[in-house]
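Reader: Hello! Could you take me through one part of this model closely, with the cut-offs spelled out as you go? I would like to look at helix packing and the charged pairs around it.

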Amino acid sequence: MKMKMILSSLIFHCCVIHFVSAQLLQVGFYNSTCPQTETIVRQAVQNQFNSDPSITAALLRMHFHDCFVRGCDASILIKSKGSKKSEREAGPNRTVRGFELIDKIKKTLETTCPSTISCADIITLATRDSVALAGGPNYPIPTGRRDGLISNAADVNLPGPSLTIPQALQFFTNKGLTLNDMVTLLGAHTVGIAHCNFFQDRLSPVPDKTMDPTLASQLLKTCVKSTATTFLDQNTSFTVDNEYYRQIMLRKGILTIDQELTLDKSSAPIVTSLAANKDVFSQSFANAMIKMANIDVLVGSAGEIRKNCGVFNQKANRKVVN
C-alpha cells in the first residue's frame, strides 16, 4: 500500500507535464467513449505474455523507437508503400517485434468502438501492461494521443549502443528528457537482448578491460556466430527490476552504453541509487515511461485515428475531434 501511495504521488507530479502538446492527455481518456479499452488491451497483452514473456522487451523497444522519431504517434507501425520506405523499414527498426499484437488489439477495438482508439495509445497501454506483467510498476498512463500522418525511414535517427554518455544524453535532452530519465529508461535493458554484432568489438581482438573477464569469455563462445544473441541482464532476464544496474556495477554490462553508465561520473551516482533500492527504481521507471510517452504527441484535431495501424486513413475517413 505504501509503495502504491508513493507511486501515485510521484506519477501525479510527473503528469503535470511540461510538454505543451500533452496537455490534453488524461488518464481514462476513453472512459466515456469506449470504457472497455484498457481491459481489452490488458487481456490481449496478458494472453501474449503467457506464451511469450519476451513481448515486454519487444513492446518497450517499439515504444521507444516510436516516441524518439516524430513523437509518440504510431508512425513506426506504418507499412512501406512502393518505393516510399516507412520508419518500419529503417535499419534500427527491422528487428522491432510486436506488430502482430498491436494489430490484433486494434482489430478488436475497431469492432467494439470503431474509429475511437488511436494506435499510438494502444502501443502506450500495451507497453505499460507488459511492464506490469513482467514484475515492473503498474502505473496510470494518460491517453488521448492521435496517430501521425507521416512515416519516413530517413527520419529515423536513434541513439546507438556504442555512444558515450554525453553523446547519448544529447538524444534524450533533445526530447525534453533528463540524465536521470535516460539512465532510468536504459533500465529497460533488464529484459532486453542484443545481437553479438552490437558488442563484438568489446570481445575481440582484445577483450574490453571494463568487462568482467568471465563474462567476456562466455560471450566469446556464444558469439561464434555473429547472428547469436544474449540477454542484456544475465540474471533476471524476463523481469523488470533493478538487477540490470547491479550487473553493470559488477562490470557485466553487455553494450558499451550499458557499462558507460557506471564509468561516467555524471551517471554513476544514479546507477548506484537505482541498484540499491528496487522501490526507487520502480518509481523512477514509472515516471520516466510516462514522460517518454508524452514526447511530441498529437492531440485534439491533429493527426488521425487510424482504422488500420499499418496504413494511413483515406482523407475522407479521418476522424476530427473538435
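Author: Happy to help; here is a walk through the packed helices, then the charged pairs, then a few other spots.

This is a predicted model, in which local features need pLDDT of at least 70 and side-chain atom pairs count only at pLDDT 80 or more, while totals for chains, interfaces and linings use all residues. Residues are numbered from 1 along each chain as its sequence is written, and side-chain values use heavy atoms, with hydrogens and water left out.

Let us begin with the helix pair. Two packed helices are described by the angle between their axes and the distance between the axes. Helix H2 (residues 37-51) packs on helix H4 (residues 99-112) at an angle of about 145°, and their axes are 10 Å apart. Axes here are lines fitted to C-alpha atoms, for helices over the stretch in contact, with angles running from 0 to 180 degrees between N-to-C directions. Helices (H or I, at least four residues) and strands (E, at least two) are DSSP runs, numbered from the N terminus. On the H2 side, the contact (heavy atoms within 4.5 Å) is made by Thr 37, Ile 40, Val 41, Ala 44, Val 45 and Gln 48. H4 contributes Leu 101, Ile 105, Thr 108, Leu 109 and Thr 112 to this contact.

H2 also takes part in charge pairing. Side chains of opposite charge can pair when their charged atoms come close. A salt bridge is a side-chain nitrogen of Lys or Arg within 4 Å of a carboxyl oxygen of Asp or Glu, and the structure holds 11 of them. One joins Glu 38 to Arg 128, with the closest N and O atoms 2.9 Å apart. This pair links distant parts of the chain, since Glu 38 is in helix H2 and Arg 128 is in helix H5 (residues 119-133), 90 residues apart. Glu 38, Arg 128 and Asp 129 are linked in a network of salt bridges. Glu 38 is partly exposed at 22% relative accessibility, whereas Arg 128 is buried at 4%. Buried means under 20% relative accessible area, exposed over 50%, and partly exposed in between (1.4 Å probe, protein chains only).

Two other salt bridges are worth a look. Glu 243 pairs with Arg 246, the closest N and O atoms being 3.9 Å apart. These two are separated by about one helical turn, because they are three residues apart in helix H9 (residues 243-249). Glu 243 is buried, with a relative accessible area of 11%, and Arg 246 is partly exposed at 39%. Arg 306 forms a salt bridge with Glu 304, where the closest N and O atoms are 3.9 Å apart. Arg 306 is buried at 0% relative accessible area, and Glu 304 counts as buried at 0% too.

Next along the chain is Lys 307, in the segment after helix H12. Lys 307 is partly exposed, with a relative accessible area of 40%. Leaving aside neighbours within four places in sequence, Lys 307 is in contact with Lys 106, Glu 110, Ser 115 and Asn 313.

Finally, some backbone details. Arg 70 has a positive phi of about 65° although it is not a glycine, and Arg 70 sits in the loop between helix H3 (55-67) and H4. The peptide bond from Ser 204 to Pro 205 is cis, with omega near 5°, and Pro 205 lies in the loop between strand E1 (193-195) and helix H8 (213-222).
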